[in-house]
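Biologist: I have not looked at this model before. Please take me through it.

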Amino acid sequence: MQFGFVAACDSRQIEFQLFEPPSHHEADKLVTLSQHDDCVSMLAGRLHYRKEVLATLEANLSSGFIEECNVSDAALALGLYLKTGARGLAQLEGDFAVVIWNGKKQSFLARRDPFGAYPLYWIKAGSTIAFSTAMKP
(Lines give C-alpha, C1' and ligand atoms only; values in the text may rest on other atoms or scores of the structure.)
Protein backbone atom coordinates (compact mmCIF):
# COMPACT_ATOMS: atom_id res chain seq x y z
CA MET A 1 0.00 0.00 0.00
CA GLN A 2 1.47 3.32 -1.06
CA PHE A 3 0.48 6.41 0.83
CA GLY A 4 1.99 9.79 1.56
CA PHE A 5 2.21 13.22 -0.01
CA VAL A 6 4.19 15.52 -2.27
CA ALA A 7 4.38 19.30 -1.98
CA ALA A 8 6.24 21.23 -4.67
CA CYS A 9 6.68 24.91 -5.39
CA ASP A 10 8.41 26.74 -8.20
CA SER A 11 8.35 30.38 -9.26
CA ARG A 12 4.95 29.95 -10.95
CA GLN A 13 2.84 27.57 -8.88
CA ILE A 14 2.47 25.35 -5.84
CA GLU A 15 1.20 21.79 -6.05
CA PHE A 16 -0.03 19.35 -3.41
CA GLN A 17 -0.67 15.64 -4.00
CA LEU A 18 -1.98 13.07 -1.54
CA PHE A 19 -1.60 9.34 -2.04
CA GLU A 20 -3.81 7.05 0.02
CA PRO A 21 -6.29 4.25 -0.55
CA PRO A 22 -9.93 5.36 -0.18
CA SER A 23 -11.31 5.48 3.36
CA HIS A 24 -14.91 5.66 4.47
CA HIS A 25 -14.19 7.75 7.57
CA GLU A 26 -12.13 10.93 7.75
CA ALA A 27 -10.71 9.90 11.14
CA ASP A 28 -9.30 6.66 9.61
CA LYS A 29 -7.16 8.44 7.02
CA LEU A 30 -3.39 8.28 7.44
CA VAL A 31 -2.79 11.19 5.04
CA THR A 32 -4.69 14.44 5.53
CA LEU A 33 -4.66 17.94 4.08
CA SER A 34 -5.98 21.13 5.63
CA GLN A 35 -6.17 24.73 4.47
CA HIS A 36 -6.83 27.81 6.56
CA ASP A 37 -6.33 31.35 5.28
CA ASP A 38 -3.09 31.36 3.23
CA CYS A 39 -1.66 28.22 4.84
CA VAL A 40 -1.86 24.58 3.79
CA SER A 41 -0.83 21.57 5.87
CA MET A 42 -0.26 17.96 4.78
CA LEU A 43 0.37 15.23 7.32
CA ALA A 44 1.12 11.53 6.99
CA GLY A 45 0.72 9.44 10.12
CA ARG A 46 -0.98 9.99 13.46
CA LEU A 47 -0.73 12.57 16.22
CA HIS A 48 -1.07 11.63 19.89
CA TYR A 49 -2.49 13.66 22.81
CA ARG A 50 -4.97 15.34 20.46
CA LYS A 51 -7.33 16.51 23.22
CA GLU A 52 -4.57 18.37 25.04
CA VAL A 53 -3.50 20.17 21.85
CA LEU A 54 -7.12 20.96 20.96
CA ALA A 55 -7.69 22.48 24.40
CA THR A 56 -4.93 25.02 23.76
CA LEU A 57 -6.44 26.01 20.40
CA GLU A 58 -10.13 26.42 21.15
CA ALA A 59 -9.91 30.04 22.29
CA ASN A 60 -7.88 31.15 19.27
CA LEU A 61 -9.53 29.57 16.23
CA SER A 62 -13.00 29.57 14.68
CA SER A 63 -15.42 26.84 15.74
CA GLY A 64 -15.54 25.53 12.15
CA PHE A 65 -11.78 25.07 12.03
CA ILE A 66 -11.79 23.50 15.52
CA GLU A 67 -14.32 20.94 14.21
CA GLU A 68 -11.91 20.09 11.38
CA CYS A 69 -9.08 19.76 13.95
CA ASN A 70 -11.18 17.13 15.75
CA VAL A 71 -10.94 14.73 12.79
CA SER A 72 -7.86 15.84 10.82
CA ASP A 73 -4.28 15.60 12.05
CA ALA A 74 -3.20 18.02 9.30
CA ALA A 75 -5.70 20.58 10.61
CA LEU A 76 -4.54 20.06 14.20
CA ALA A 77 -0.90 20.64 13.21
CA LEU A 78 -1.89 23.69 11.16
CA GLY A 79 -3.91 25.10 14.06
CA LEU A 80 -0.93 24.74 16.37
CA TYR A 81 1.29 26.41 13.78
CA LEU A 82 -1.17 29.30 13.36
CA LYS A 83 -1.29 29.84 17.12
CA THR A 84 2.37 29.39 18.08
CA GLY A 85 4.40 29.40 14.87
CA ALA A 86 7.20 26.98 14.07
CA ARG A 87 8.05 26.38 17.73
CA GLY A 88 4.55 24.98 18.29
CA LEU A 89 5.20 22.07 15.95
CA ALA A 90 7.96 20.90 18.29
CA GLN A 91 5.18 20.11 20.78
CA LEU A 92 3.60 17.52 18.48
CA GLU A 93 3.88 13.89 19.51
CA GLY A 94 3.09 10.83 17.47
CA ASP A 95 4.27 9.05 14.34
CA PHE A 96 4.12 11.62 11.54
CA ALA A 97 5.65 13.75 8.82
CA VAL A 98 4.12 17.19 8.25
CA VAL A 99 4.71 19.98 5.74
CA ILE A 100 3.12 23.41 6.07
CA TRP A 101 3.03 25.98 3.27
CA ASN A 102 2.68 29.58 4.44
CA GLY A 103 1.39 31.55 1.47
CA LYS A 104 1.99 34.98 3.06
CA LYS A 105 5.65 34.18 3.75
CA GLN A 106 5.99 32.04 0.59
CA SER A 107 7.77 29.38 2.63
CA PHE A 108 7.58 25.74 3.68
CA LEU A 109 8.03 24.34 7.16
CA ALA A 110 8.62 20.60 7.47
CA ARG A 111 8.87 18.39 10.54
CA ARG A 112 8.65 14.72 11.42
CA ASP A 113 8.57 12.81 14.64
CA PRO A 114 11.98 12.29 16.29
CA PHE A 115 11.95 8.53 15.66
CA GLY A 116 11.38 9.02 11.93
CA ALA A 117 8.47 6.60 11.57
CA TYR A 118 7.41 8.49 8.45
CA PRO A 119 10.33 9.64 6.29
CA LEU A 120 10.45 13.12 4.84
CA TYR A 121 12.58 13.88 1.80
CA TRP A 122 13.26 17.21 0.17
CA ILE A 123 15.03 18.55 -2.90
CA LYS A 124 15.82 21.94 -4.36
CA ALA A 125 16.42 21.98 -8.11
CA GLY A 126 16.59 25.34 -9.84
CA SER A 127 13.60 27.37 -8.72
CA THR A 128 11.69 24.29 -7.49
CA ILE A 129 11.64 22.98 -3.95
CA ALA A 130 9.73 19.81 -3.13
CA PHE A 131 8.97 17.66 -0.10
CA SER A 132 7.73 14.07 -0.15
CA THR A 133 7.22 11.09 2.09
CA ALA A 134 8.73 8.83 -0.62
CA MET A 135 11.77 9.03 -2.87
CA LYS A 136 10.04 8.05 -6.13
CA PRO A 137 7.83 11.14 -6.66
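**Helix, core and sheet**

Biologist: Which residues of α3 are buried?

Modeller: Buried means under 20% relative accessible area, with exposed over 50% and partly exposed in between (1.4 Å probe, protein chains only). In α3 the buried residues are D73, A74, A75, L76, A77, L78, G79, L80, Y81 and T84.

Modeller: A note on sources: this is a predicted model, in which local features need pLDDT of at least 70, side-chain atom pairs count only at pLDDT 80 or more, and totals for chains, interfaces and linings use all residues. Residues are numbered from 1 along each chain as its sequence is written, and side-chain values use heavy atoms, with hydrogens and water left out.

Biologist: How far apart are the end C-alpha atoms of helix α3?

Modeller: Helices (H or I, at least four residues) and strands (E, at least two) are DSSP runs, numbered from the N terminus. The expected span of a helix is 1.5 Å times one less than its number of residues. For the twelve residues of α3 (residues 73-84) that should be 16 Å, and the end C-alpha atoms agree, being apart by 16 Å.

Biologist: Why is α3 largely enclosed by the rest of the structure?

Modeller: The reason lies in burial. α3 has twelve residues, and the number of them that are buried is ten.

Biologist: Which element gives the largest share of the largest nonpolar core?

Modeller: A nonpolar core is a set of buried Ala, Val, Leu, Ile, Met, Phe, Trp, Tyr and Cys residues joined through side-chain atoms within 4.5 Å. The largest one has 22 residues, of which L43, L47, L57, L76, A77 and L92 touch the most other members. Two or more residues each come from β4 (39-47), α1 (50-57), α2 (63-71), α3 and β5 (94-102). The largest share, seven residues, is given by α3.

Biologist: What is the order of strands in the open sheet of four strands?

Modeller: Two strands pair if DSSP finds at least two bridges between them. β1 and β2 pair in the antiparallel sense over six bridges, while β1 (residues 4-9) and β8 (residues 128-132) do so over four bridges. The pairing in this sheet is antiparallel, and the order is β2-β1-β8-β7.

Biologist: Which strands stand at the edges?

Modeller: An edge strand has a single partner strand, so one side of it is left without a neighbour in the sheet. Here these are β2 (14-19) and β7 (121-125).

Biologist: Which residue in β2 is the bridge partner of G4?

Modeller: β1 and β2 form a hairpin with four residues between them. In β2, G4 has as its bridge partner F19.
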